[in-house]
Amino acid sequence: MADSPLRIELIPNGPAMVQTDSAEIKLADGSIVTKDKPFALCRCGQSANKPFCDGTHTKAGFEG
Ligand code: FES
């Protein structure tokens, strides 16, 4: 996937799926989280594990 552009897929009424084999995410507190597979970023604002999706969007009835 290294030669392909990064793909971010917005899931209807759900998260933003980051399609990657490897990523470093710098969090708001300055810490770095490493992901070695695709991951989901919360778009609904209700996740208890921000910035990552924890599935709460379903219970929250997120539309977008
Ligand atoms: S998009 Fe899934 S918890 Fe927010």
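## Exercises on a predicted model

H57 touches N13, G14, P15, C44 and F62, with residues up to four places away in sequence left out of the count. The structure is a predicted model, and the exercises below work through its parts.

### Exercise 1. Place H57 and P15

Task: state where H57 lies and whether H57 is buried or exposed.

Solution. Step 1: H57 is part of helix α1. Step 2: the relative accessibility of H57 is 14%. Step 3: buried means under 20%, so H57 counts as buried.

Task: state where P15, one of the residues that H57 touches, is placed, and which residues P15 touches.

Solution. Step 1: P15 sits in the loop between β1 and β2. Step 2: its relative accessibility is 8%, so P15 counts as buried. Step 3: leaving out residues up to four places away in sequence, P15 touches E9, L10, A40, L41, R43, C53 and H57. Step 4: for D3, the C-alpha distance to P15 is 25 Å, with twelve residues of separation in sequence.

### Exercise 2. Read the chain as a whole

Task: state how many helices and strands the chain has, and in what pattern they follow along the sequence.

Solution. Step 1: the chain has one helix and five strands. Step 2: along the sequence the pattern is β-β-β-β-β-α. Step 3: the C-alpha trace spans about 35 × 25 × 15 Å along its principal axes. Step 4: of the 64 residues in the chain, 22% are buried. Step 5: among contacts with a separation of 6 or more, 27% are between residues 24 or more positions apart.

### Exercise 3. Build the open sheet

Task: give the order of the three strands in the open sheet, and explain why one side of β1 and of β5 is left without a neighbour.

Solution. Step 1: the order is β1-β2-β5, and the pairing is antiparallel. Step 2: β1 (7-10) and β5 (39-41) are at the edges and have a single partner strand each, so one side of each has no neighbour in the sheet. Step 3: neighbouring strands of this sheet are turned against each other by 30° on average, direction ignored. Step 4: between β1 and β2 (residues 16-19) there are four bridges in the antiparallel sense. Step 5: within β2, Q19 is the residue opposite R7.

Task: describe L6 and its contacts.

Solution. Step 1: L6 belongs to the segment before β1. Step 2: with 56% relative accessibility, L6 counts as exposed. Step 3: beyond its neighbours within four places in sequence, L6 contacts V18, Q19 and T20. Step 4: the C-alpha atoms of L6 and Q19 are 6.8 Å apart, although 13 residues separate them along the chain.

Task: locate T20, one of the residues in contact with L6, and say whether T20 is buried or exposed.

Solution. Step 1: T20 is in the loop between β2 and β3. Step 2: its relative accessibility is 9%, so T20 counts as buried. Step 3: a polar atom of the T20 side chain lies 2.9 Å from the backbone oxygen of S22.

### Exercise 4. Follow the hairpin

Task: state how β3 and β4 pair and how many residues lie between them.

Solution. Step 1: β3 (residues 23-26) and β4 (residues 32-35) pair in the antiparallel sense, over four bridges. Step 2: one bridge joins K26 to I32 in β4. Step 3: the two strands form a hairpin with five residues between them. Step 4: in the turn, G30 has a positive phi of about 95°.

Task: state which side chains of β3 are buried.

Solution. Step 1: in a regular strand, side chains alternate between the two faces of the sheet. Step 2: in β3, A23 and I25 point to one face and are buried. Step 3: E24 and K26 point to the other face and are not buried.

### Exercise 5. Examine the aromatic pair

Task: name the residues of the aromatic pair and its geometry, and say which parts the pair ties together.

Solution. Step 1: the structure has one aromatic pair. Step 2: F39 and F52 form this pair, with 5.9 Å centre to centre and 75° between the planes. Step 3: planes over 60 degrees apart count as edge-to-face, and the pair is edge-to-face. Step 4: F39 is in strand β5 and F52 in the loop between β5 and α1 (56-60), so the pair ties together parts 13 residues apart in sequence. Step 5: both F39 and F52 are buried. Step 6: the charged end of K35 sits over the ring of F52, 4.3 Å from the ring centre.

Conventions
Residues are numbered from 1 along each chain as its sequence is written. This is a predicted model: local features need pLDDT of at least 70, side-chain atom pairs count only at pLDDT 80 or more; totals for chains, interfaces and linings use all residues. Side-chain values use heavy atoms; hydrogens and water are left out. Two strands pair if DSSP finds at least two bridges between them. Axes are lines fitted to C-alpha atoms, for helices over the stretch in contact, and angles run from 0 to 180 degrees between N-to-C directions. Rings of Phe, Tyr and Trp (its six-membered ring) pair if their centres lie within 6.5 Å; planes under 30 degrees apart count as stacked, over 60 as edge-to-face and the rest as tilted. Buried means under 20% relative accessible area, exposed over 50%, partly exposed in between (1.4 Å probe, protein chains only). A charge sits over a ring if NZ of Lys or CZ of Arg is within 6 Å of the ring centre and within 35 degrees of the ring normal. A polar contact is a pair of N or O atoms within 3.5 Å; within protein, one must be able to donate a hydrogen and the other to accept it, and residues adjacent in sequence count only if both atoms are side-chain atoms. Contact means heavy atoms within 4.5 Å.
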